[in-house]
Amino acid sequence: MTTFTEGRHAGEFLLSEAPGNLSRDNAVVAVSQTIKPGTVLAKKAVVADVVATASADAGNTASSGTIAMDATAVTSAVKDGRYIGVATAATKVEWEDPTGKPIGVSTHGALFNKGGIRLTITAGGTPNVAGDRFYVDVAANSEDFQFVAFNQDGTDGSEIASAIALYGITTPADATGKIAIIARMAELNGKCLEWPADIEAAEKADAIQSLAQSQLIVR
């Protein structure tokens, strides 16, 4: 007797969504992806399309540190919005990303390469003091990001769960594709989501918390 295994159906994971098409978006899927309906997705920036501008706060100590982006200003893990750095000492600045998440401490004169941004603060004639502020403003729109299957072990943005694939798609090594995704404001059946085979319980719990930031609630 032949046994058939039924695959995932488009949208079977949806328990509820916002009125109209508010929960849904069109998404570009990166190359070399095999996506099933219900796959947990992450998004990676297309580095060449993202603009990042660095600045020092006008109220900083006079003649203190200056900030400049690296020749490669961002990585695929960059987020849209304002990164904020606050000096804690003469040559130390604590940084947070646009969501308010701490990403690391930069040291004047050394490349800072964390959280998707790459920059160097150069000490000025007068030392910085605690409370001086620096900024990186990232300008990116939805077309500047591509979606991939969530990977809890990634370091390129794929480790941040952000959406769910409504339909499936397989992209070749030389071309992207487009599908509809559930991007916000929806209740999801956790038993119908597609996760990495090697994900652990704690890693899944972290990803579910990440989805909740977009009001994607896993039941």
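Which element supplies the largest share of the lining of the largest pocket? The helix α1 does, with 5 residues. This is a predicted model. The protein has 219 residues, and its secondary structure comes to 1 helix and 18 strands. The points below go from the whole chain to the pocket and then to single residues.

**Overall build**
- The C-alpha trace spans about 80 × 35 × 35 Å along its principal axes.
- Of the 219 residues, 40% count as buried.
- Contacts between residues 24 or more positions apart make up 74% of those with a separation of 6 or more.

**Surface and charge**
- About 11300 Å² of the protein is exposed. Carbon and sulfur atoms supply 51% of that area.
- Negative side chains number 25 and positive ones 17.
- The centres of the two charge sets lie 2 Å apart.

**The largest pocket**
- Its volume is about 1300 Å³.
- The lining consists of 46 residues. Lys43, Lys79, Ile160, Ala161 and Ser162 are the closest to the pocket centre.
- Four elements each give at least two residues to the lining: β2 (24-29), β13 (145-149), β16 (177-182) and α1 (201-212).
- Of the lining residues, 5 come from α1.

**Two residues with positive phi**
- Most residues other than glycine have a negative phi.
- Ser63 has a phi near 60°, a positive value in a residue other than glycine.
- Ser63 sits in the loop between β5 (51-56) and β6 (66-74).
- Is Ser63 buried or exposed? Ser63 is exposed, because its relative accessible area is 54% and the cut-off for exposed is over 50%.
- Gln215 also has a positive phi, near 60°. Its place is the loop between α1 and β18 (216-218).

**Asp137, in a strand**
- Asp137 belongs to strand β12, which covers residues 133-139.
- Its relative accessibility is 27%, so Asp137 counts as partly exposed.
- Beyond its neighbours within four places in sequence, Asp137 contacts Val51, Ala52, Thr53, Gly81 and Arg82.
- Asp153 is 16 residues from Asp137 in sequence. The two C-alpha atoms are 27 Å apart in space.

**Thr176, in a loop**
- Thr176 lies between β15 (169-170) and β16, in the loop that joins them.
- Thr176 counts as partly exposed, at 41% relative accessibility.
- Which residues does Thr176 touch, not counting those up to four places away in sequence? They are Val28, Val29, Ala30, Val31, Gln146 and Thr171.
- Thr176 and Val29 are 147 residues apart in sequence. In space, their C-alpha atoms are 5.5 Å apart.

**Lys92, in a strand**
- Lys92 is in strand β8, residues 92-96.
- A relative accessibility of 33% makes Lys92 partly exposed.
- Lys92 is in contact with Val86, Ala87, Val105, Ser106, Thr107 and His108, leaving aside neighbours within four places in sequence.
- Lys92 and Gln215, the loop residue with positive phi, are 123 residues apart in sequence. Their C-alpha atoms are 35 Å apart.

**Phe112, in a strand**
- Phe112 is part of strand β10, residues 112-114.
- Why does Phe112 count as buried? Its relative accessible area is 3%, and buried means under 20%.
- Not counting residues up to four places away in sequence, Phe112 touches Trp95, Ile103, Gly104, Val105, Ser106, Ile117, Arg118 and Leu119.
- Val105 and Ser106 are among the contacts of Phe112, and both are also in contact with Lys92.
- Pro102 is 10 residues from Phe112 along the chain. Their C-alpha atoms are separated by 13 Å.

Terms used. Residues are numbered from 1 along each chain as its sequence is written. This is a predicted model: local features need pLDDT of at least 70, side-chain atom pairs count only at pLDDT 80 or more; totals for chains, interfaces and linings use all residues. Side-chain values use heavy atoms; hydrogens and water are left out. Buried means under 20% relative accessible area, exposed over 50%, partly exposed in between (1.4 Å probe, protein chains only). Contact means heavy atoms within 4.5 Å. Accessible areas come from the Shrake-Rupley method with a 1.4 Å probe; for residues, only the protein chains shown count as cover. Lys and Arg count as positive and Asp and Glu as negative; His and the chain ends are not counted. The place of a charge is taken as NZ of Lys, CZ of Arg, CG of Asp or CD of Glu. On a 1 Å grid over the protein atoms alone, a cavity is a set of points where a 1.4 Å probe fits but cannot get out, and a pocket is an open set with protein on both sides within 12 Å along at least five of seven lines; lining residues have an atom within 4 Å of a point. Grid points are joined across faces, edges and corners, and a volume is the space filled by probe spheres set on the points.
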